[in-house]
Amino acid sequence: MPKTAETRMSAQALGELANNIRLDILDMVYKAQSGHIGGSFSAAEIVTTLYFAEMRNLDPQNPRLPHRDRFVLSKGHACPVWYACLSRLGFFDAEHLDSLRKINSILQGHPDMKSTPGIDITTGSLGHGCASATGMALEGKAAKDQRRVYTVLGDGEINEGVVWETAMAAAKYELDNLVFFIDKNNLQMDGTSDEIMPLLSIEDKFRSFGWHVLTIDGHDIEQILCALDLARLTKGKPTCIVANTTKGKGVSFMEDVRNWHGKAPSTEEYQAARAELVA
Ligand SMILES: Cc1ncc(C[n+]2csc(CCOP(=O)(O)OP(=O)(O)O)c2C)c(N)n1
Ligand SMILES: [Mg+2]
């Protein structure tokens with residue numbers, strides 16, 4: 001597992017891996033004929049960089065090491081991106097990807113800690129994952145271990161009130177081992193984030209709650225790595241990284257199209273999307 005700048009995968013290699021992870025996601029959702037492509041694609045670089053360049057003490061043979069870094073996909077519907085990363089790291093065999101959303105599959109439609117090796121907390125009810133992540137960070141402080149806790153939230157998800165209760169608590173407990181990524185793709189399920197509930201400045205909101213705040217291009221691996229370095233250097237407060245992204249990133253006819261939130265591709269769409277991703 002890459003741990004230091006010297007042993008990290010290069011940004012270019014991480015970018016290529018993120019693209020292959022998009023292909024895994026596309027295959028999974030096409031085979032299942034159900035699932036969430038748009039929000040999985042928008043988070044592909046963030047989740048790939050976390051798993052393959054940032055997180056420490058992950059052991060697929062021993063997924064519950066107490067001092068492991070934690071990842072929580074708070075926007076749980078985007079779990080295909082999580083499953084693709086876990087499978088490529090060896091937490092389970094890649095053949096399981098073909099069983100996404102099937103009854104008795106280890107890969108359920110939303111992340112299930114009782115089904116999937118490497119998943120520490122069940123998510124899918126928006127807002128709850130980030131609260132669980134905050135609890136994990138608090139536990140790490142109490143145990144005085146070196147764990148860091150990373151979570152990805154959707155911009156629609158932060159309409160949920162629990163996110164802001166959590167933001168207050170994380171600042172109160174000075175959880176500098178906690179990082180929130182906000183996947184700001186400006187779309188949610190039923191419309192644009194502004195139409196449903198205007199967010200104004202997410203940065204100002206988190207800053208006013210006492211957080212260290214950064215803004216990046218969420219598809220630029222160098223910027224993701226740099227933000228993670230800055231988060232690690234920040235003491236006494238949690239870090240919120242507002243990542244500007246594109247929903248459906250990587251496939252022209254899916255980008256910024258609300259309908260691709262939770263739609264499975266037809267055979268023609270699947271082939272066209274695959275052709276773009278391998279080009
Ligand atoms: C508490 C709760 N309310 C509603 C939903 C249904 N839902 C699933 S995804 C989604 C939209 C999420 O939008 P966003 O957080 O922006 O995610 P992304 O754009 O990254 O897919 C909604 C409303 C849910 N999963 N949980
Ligand atoms: Mg969104």
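In which strand is histidine 212 found? The residue belongs to strand β4, which covers residues 212-217. The model is predicted, and every value below is computed from it. Histidine 212 has a relative accessibility of 19% and therefore counts as buried, since the cut-off is under 20%. Its side chain makes a polar contact of 3.0 Å with the side chain of threonine 234. Other contacts surround histidine 212. With neighbours up to four places away in sequence left aside, they include Leu230, Ala231, Lys237 and Pro238. Thr239 and Cys240 also touch histidine 212.

The ligand site comes next. Around ligand 1 there are 17 residues. Those that come nearest are Lys75, His77, Gly124, Asp155 and Lys247. Aspartate 155 places a polar side-chain atom 2.7 Å from an oxygen atom of ligand 1. Backbone atoms take part as well. A polar backbone atom of glutamate 157 is 2.8 Å from an oxygen atom of the ligand. For leucine 187, a polar backbone atom is likewise 2.8 Å from an oxygen atom of ligand 1. Taken alone, ligand 1 exposes 600 Å², and the protein buries 80% of that area. By residue type, the shell around ligand 1 holds nine polar, five charged and three nonpolar residues.

The nonpolar interior can be described in turn. In soluble globular proteins, nonpolar side chains tend to be buried together. Here, the largest nonpolar core has 59 residues. Tyr51, Phe71, Tyr83 and Phe181 have the most contacts inside this core. Helix α1, residues 11-32, supplies its largest share, with ten residues. A second core lies apart from the largest one and has 25 residues. Trp164, Ala167, Leu199 and Ile202 are among the residues of this second core.

Phenylalanine 71 shows what such contacts look like. Not counting residues up to four places away in sequence, phenylalanine 71 touches Val47, Leu50, Tyr51 and Met55. Trp82, Tyr150 and Val152 are also in contact with phenylalanine 71.

Three of these partners, Val47, Leu50 and Tyr51, are listed among the buried residues of helix α3. This helix runs from residue 44 to residue 54. Eleven of its eleven residues are buried, so helix α3 is largely enclosed by the rest of the structure. The buried residues of α3 are not limited to nonpolar types: they include Glu45, Thr48, Thr49 and Glu54.

Loops complete the description. Proline 117 sits in the loop between α4 (79-89) and α5 (128-143). With a relative accessible area of 29%, proline 117 is partly exposed. Its contacts beyond four places in sequence are Leu86, Phe91, Phe92 and Ile106. Proline 80 lies 37 residues from proline 117 along the chain, and their C-alpha atoms are separated by 14 Å.

Two further loop residues have a positive phi without being glycine. Glutamate 174 has a phi near 55 degrees. This residue lies in the loop between α6 (161-172) and β3 (178-184). Glutamate 174 is partly exposed, at 48% relative accessible area. For asparagine 186, phi is about 65 degrees. Asparagine 186 occupies the loop between β3 and α7 (193-196). At 38% relative accessibility, asparagine 186 also counts as partly exposed.

Conventions. Residues are numbered from 1 along each chain as its sequence is written. Chains are lettered from A and ligands numbered from 1 in the order in which they are written. This is a predicted model: local features need pLDDT of at least 70, side-chain atom pairs count only at pLDDT 80 or more; totals for chains, interfaces and linings use all residues. Side-chain values use heavy atoms; hydrogens and water are left out. A residue is near a molecule or strand if one of its heavy atoms lies within 4 Å of it. A polar contact is a pair of N or O atoms within 3.5 Å; within protein, one must be able to donate a hydrogen and the other to accept it, and residues adjacent in sequence count only if both atoms are side-chain atoms. Accessible areas come from the Shrake-Rupley method with a 1.4 Å probe; for residues, only the protein chains shown count as cover. A nonpolar core is a set of buried Ala, Val, Leu, Ile, Met, Phe, Trp, Tyr and Cys residues joined through side-chain atoms within 4.5 Å. Buried means under 20% relative accessible area, exposed over 50%, partly exposed in between (1.4 Å probe, protein chains only). Helices (H or I, at least four residues) and strands (E, at least two) are DSSP runs, numbered from the N terminus. Contact means heavy atoms within 4.5 Å.
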